[in-house]
Structure formats: structure tokens, C-alpha cells
Amino acid sequence: MKKYILALDQGTTSSRCIVYDKYGNKVGEAQRELPQIYPLSGWVEHDPEAIWSTQLYAIETAVKRACIDPKEIAAIGITNQRETTVVWDKRTGKALCNAIVWQCRRTADYCEEIKRSGYEPILKEKTGLIADPYFSLTKVKYILDNVDSACDLSEEGNLAFGTVDSWLIHKLTNGKCHATDASNASRTMMYNIHEGKWDSEILSHFGIPESMLPKVVPSSGYIGDAEILGTKIPICGVAGDQQASLFGQCCFSRGDAKNTYGTGCFLLMNTGDDAVLSERGLLTTVAWQIGDKLTYALEGSVFIAGAAIQWLRDGIGILASSSDSEKMALDIPNTDGVYFVPAFTGLGAPHWDPECRGLISGLSRGTDRRHIVRAALEAMAYQTFDVLTLMESESGTVIPALRVDGGASANGFLCSFQSDISCKPVIRPQNTETTSLGAAFLAGLGCGMYSSVEEITSLNKNPTVFEPKMDKNTRDQCLSGWQNAVKKTILR
Ligand code: ADP
């Protein structure tokens, strides 16, 4: 009778809901855009009530479209934009101010101060993160220091903090439950990833009262009852978006890795029981907690990936649509020595140069737009390869295959070139919406619909596998050409 899972996917720009059956097939979905608020340059906020109302709209509409009885829903899984910070009054359930979104840079100076004070290595050792405005800690601190009522409420023990998962759980359960899962907690910079609990030393250093923090629960298992759709539905799975996608890709073993090709790229590698601390700028994070057991991941990102394709389309107009890039790339045998390093906002891991800017090199009289478009696609693969290689060297673990998703993973040329350059199979699942699928799988496991991760793996049928085909000489030439172009980009 209970046949369906409701996956809530609360993202930065929209709230979605997908109804899945137990085989991982979509039976209904809905989405509503979430308005962005930009009060000052570099500041980004969301209205917490809008996060909730758009999510509720998506839930009701998706269930209606799926033509199912809400009583047939076995469980809810939640996945969410990470790090975004909401603070509310426990007595009224009302947020004190807008949510401070992960992208918001308002605490950049404060992060510099943390660095200067010499506290960053301690934060990094305990939380796996670097002192950057992305993470929730400095956002909470900002609210405590700047919102009038925060101080009084906190002294009375009536203040609650949560990332977006907590906020949704609070709303879904009518304020009965104040919880977050370990993967979301690990993005707050207040959670000790080794001990698996809020770090009291960090909290007292920054003056954050522990009474405002949610209870940290496993990513899979019963959390509370959502009182929606005229019934009660157990919430049984929660994970931050990138971790959910790692789970949705069935990256259950150490060395399993996924890459999401979107505007930028997000790479995560499962490192099992090992919280590998990176020397060269990767983040260490909790992948998920099942029962008492924490599984860790290394995370790296590429700042500009699909955005370079967007730029060729909208900025300089040599491409009609993003998907045309595949045909153009396949129209020529190679880039004829053209490399495109899209360092529009500097370069991240492993190069770490925030000041350098983009470069197109190797232009000749014979170069036309196809070469430049192909070079932009190849750059996504090279940048991904650089992060993968760093992950392998820092973890001492070989990544046997790379699983891919995200908008640009639809590009077969890109997947195939990625496989050639990385010299490993690239696997693209049929359903590339791995984030919502991950939330559904965590909830399905948590409510007993699935008995094991092996059962979940067996649902991942008929992926497209791209095997490496490039000969060694060509690959060496391609890679050394890329490395030279990166050197030119960095040495100004
Ligand atoms: P995000 O979630 O980061 O907004 P998506 O996962 O929707 O991004 O992916 C969109 C990005 O992927 C855009 O930057 C777009 O240019 C790029 N993209 C989409 N389809 C293709 C394609 N077929 N080939 C290459 N790039 C693509």
C-alpha cells in the first residue's frame, strides 16, 4: 500500500518535489522558482517563508500530478542547498530575518580576521572546511551580532538555528522537530566531523549558544512526522545536495566518485571511514551517516564549467545553444592546438590562483569557432581531471570510474573526452537527477522500503558507459598542452 517516496529538493533557485516509486521511477514532479534577494553587492538572501511556501506548492502539485493518494506515500526524503542559514524564534516558529544564502559574501572580512587570528587551522582540523563565508558559522555569528532581538532570545534559550533541511523539517512537523543530518551539519563549520558532534570549543570561541543548534540525526532513518496533505508522513532521509547526489549515484564504496557538470562542477569522492584532510584545498565532509556510522567524502569544485559554454553563447555569440556544442566539437578531429582556460574568476584546486583570468591560446589562421567551442568542452574535462588526480593523490585511493550528472553531462562528446583524458570509464545513469534520487534512496532505506544499499544499486539499470579510447601519445600531448596553457594563465 505504501509504494511511493516523496523527494523534496530545495535548491538555490527553485524548490522541487519528485514522487518516486520503489524502483526509482518518477511518477510526478513539480517545481517553483524561489525569488532571490540581493540587498547589497555580494549579498544574497532568501525569504524563509518563501522557501517553505514554494516547497509546499511543489509537494502538493507533484502529488496531484502523480494521481496518488497521500496515504500511499511511505516516506519523505529531503535534499537541500547547503550552508544557507535560517535563525528563528522557537516560541513563534518565525524567522528573525531573511536566510543568508551560501553565496552571500557579507562575512568575507570576518573570515579574513579569523585567518589573521591564526584560528583557521583549528577550524580546518576539526570541521574539514576552510574559513570562507560559504559556511554557516560566520552567517550565524552575523545574525547574533546584528539582529536586534537575537541577543535576548538567545539568552532566554528561545533561538533556533538551522540550515534549510532543518527549516523544512521544522515547518513540515509544525515545529515539533528541530533536527539536521550529519551531512548538512558538516557544512556549518561548527560540527566536529571526527567526533560526530557539535564542537563545544568552536562554539564557545565564537560565542554561539549550543541551545540554538538542531539535534544531529542520521541521514537515513525516522526523524519525525510531516503533517501535510491531510495526513502524517514520516521523514526518513536527509542530505545536503552534493552528498545526496553521491548517494543517488550509488557511490557507496571508498574510491567511488561523481562529478556534477553544471555552471561549475562539483566533485565528491567517497573516502569511507577516513576523514582525509587535504593539504591542497579540497574540503573534507561527511557524505552521510547511517546508523552510528559516518561515511566521509573529499569534495572539490571547478568554478567555471558550463558557464564557459554559456559565455560562448551569450557573451560572444559564437554558439546558438549549449547543446549545439556537441555537434560542433564532433565536426573536427581536435582543437588543432587551441586551449581555453576559463579562469574567469581565478582557478581553484589544485592551482589556487584567485587573481588569474581566462586565456585562449594556440590560435592560428585556421582556427574557427568550432575549435574554440571544442576547447571549452575539453576544458571541463581537463579541470575535472586535475581535481580527480588531486583526490587520488591526497586519499591514496584510485578512483575506478567516474559517475557523471548535471546539465552538461547530456553532452556525449564531453563524457567521452572525459573518459579519454582520465583514462577511466565515465558512467552516466539513465536518471541524471541524482540529487532527488539520493534523497529518495536515503528515505527508502530509512523506512525499510529497501533492505540494503546493494538493493539500491540494483535499481541503477542500464547506464551509458563511456570507455577510454585515446592512445597514450595523443593523451600525453593533450595533457601537456593543457598544463602549458594553465601555466601561461597563472604566470602573468
Ligand atoms: P546549474 O544547476 O549549475 O544551473 P545545470 O545542471 O542546469 O546547471 O547545467 C547547465 C549548464 O550546463 C549551463 O552552464 C549550460 O551552458 C551547460 N550545458 C547544458 N547542456 C549542455 C550541453 N549539451 N553541452 C554542454 N554544456 C551544456
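Buried residues make up 60% of the 492 residues in the chain. The model is a predicted one. Its accessible surface comes to about 19300 Å². Carbon and sulfur atoms account for 50% of that surface.

Now the overall dimensions. A compact globule of 492 residues would have a radius of gyration near 23 Å. The chain has 22 Å, so the two agree. Along the principal axes, the C-alpha trace spans about 70 × 55 × 40 Å. The secondary structure consists of 16 helices and 23 strands. Contacts reach far along the sequence. Take those between residues at least 6 apart: 72% of them join residues at least 24 apart.

Charge comes next. The chain carries 48 positive and 58 negative side chains. The centres of these two sets lie 4 Å apart.

What fills the interior? In soluble globular proteins, nonpolar side chains tend to be buried together. The largest nonpolar core here has 57 residues. Within this core, Y261, L312, M380, Y382 and M391 touch the most other members. Helix α12, residues 369-395, supplies the largest share of the core, with 14 residues. There is also a second, separate core of 39 residues. V87, L144, F161 and I193 are among its members.

L312 gives a closer view of the largest core. Setting aside neighbours within four places in sequence, L312 is in contact with G317, I318 and L319. Its contacts also include F340, I372, V373 and A376.

Helix α13, residues 412-422, holds F413. Is F413 buried or exposed? Its relative accessible area is 7%, below the 20% cut-off, so F413 counts as buried. Beyond four places in sequence, F413 touches E326, A329, L330, R374, L377 and E378. One of these partners, L330, is 83 residues away in sequence. The C-alpha atoms of F413 and L330 are nevertheless 7.1 Å apart in space.

Turn to Q81, in the loop between β5 and β6 (86-89). The relative accessibility of Q81 is 0%, so this residue counts as buried. Which residues does Q81 contact, leaving aside neighbours within four places in sequence? They are Q10, G11, T12, L34, H46, I51, V101, W102, V164 and D241. V164 lies 83 residues from Q81 in sequence. C-alpha to C-alpha, Q81 and V164 are 6.9 Å apart.

C67 sits in another loop, between α1 (48-66) and β5 (73-80). C67 has 70% relative accessibility, so it counts as exposed. V27 is 40 residues from C67 along the chain. Their C-alpha atoms are separated by 8.6 Å.

The backbone has some points to check. Where is the phi of M189? It is near 70 degrees, a positive value in a residue other than glycine. M189 belongs to the loop between α7 (182-185) and β10 (191-192). The relative accessible area of M189 is 0%, so M189 is buried.

C250 also has a positive phi, about 60 degrees, although it is not a glycine. The loop between α9 (241-248) and β15 (257-261) contains C250. With 5% relative accessibility, C250 counts as buried.

Another backbone feature is a cis peptide bond. It joins A349 and P350, with omega about 0 degrees. P350 is placed in the loop between β19 (339-341) and β20.

Strand β20 itself covers residues 359-361 and includes S361. How does S361 stand, buried or exposed? At a relative accessible area of 9%, S361 is buried. Away from its neighbours within four places in sequence, S361 is in contact with G337, V338 and Y339. A485 and K488 are further contacts of S361.

Definitions and conventions
Residues numbered from 1 in each chain as written. Predicted model: local features only at pLDDT ≥ 70, side-chain atom pairs only at ≥ 80, totals over all residues. Heavy atoms only, no water. Helix = DSSP H or I, 4+ residues; strand = E, 2+ residues; numbered from the N terminus. Rg over C-alpha atoms; globule rule 2.2 N^0.38 Å. Buried < 20%, exposed > 50% of the residue type's maximum accessible area, 1.4 Å probe, protein only. Contact = heavy atoms within 4.5 Å. Areas by Shrake-Rupley, 256 points an atom, 1.4 Å probe, with all protein chains shown as cover. Lys, Arg positive; Asp, Glu negative; His and termini not counted. Charge placed at Lys NZ, Arg CZ, Asp CG, Glu CD. Core = buried A, V, L, I, M, F, W, Y, C linked by side-chain atoms within 4.5 Å.
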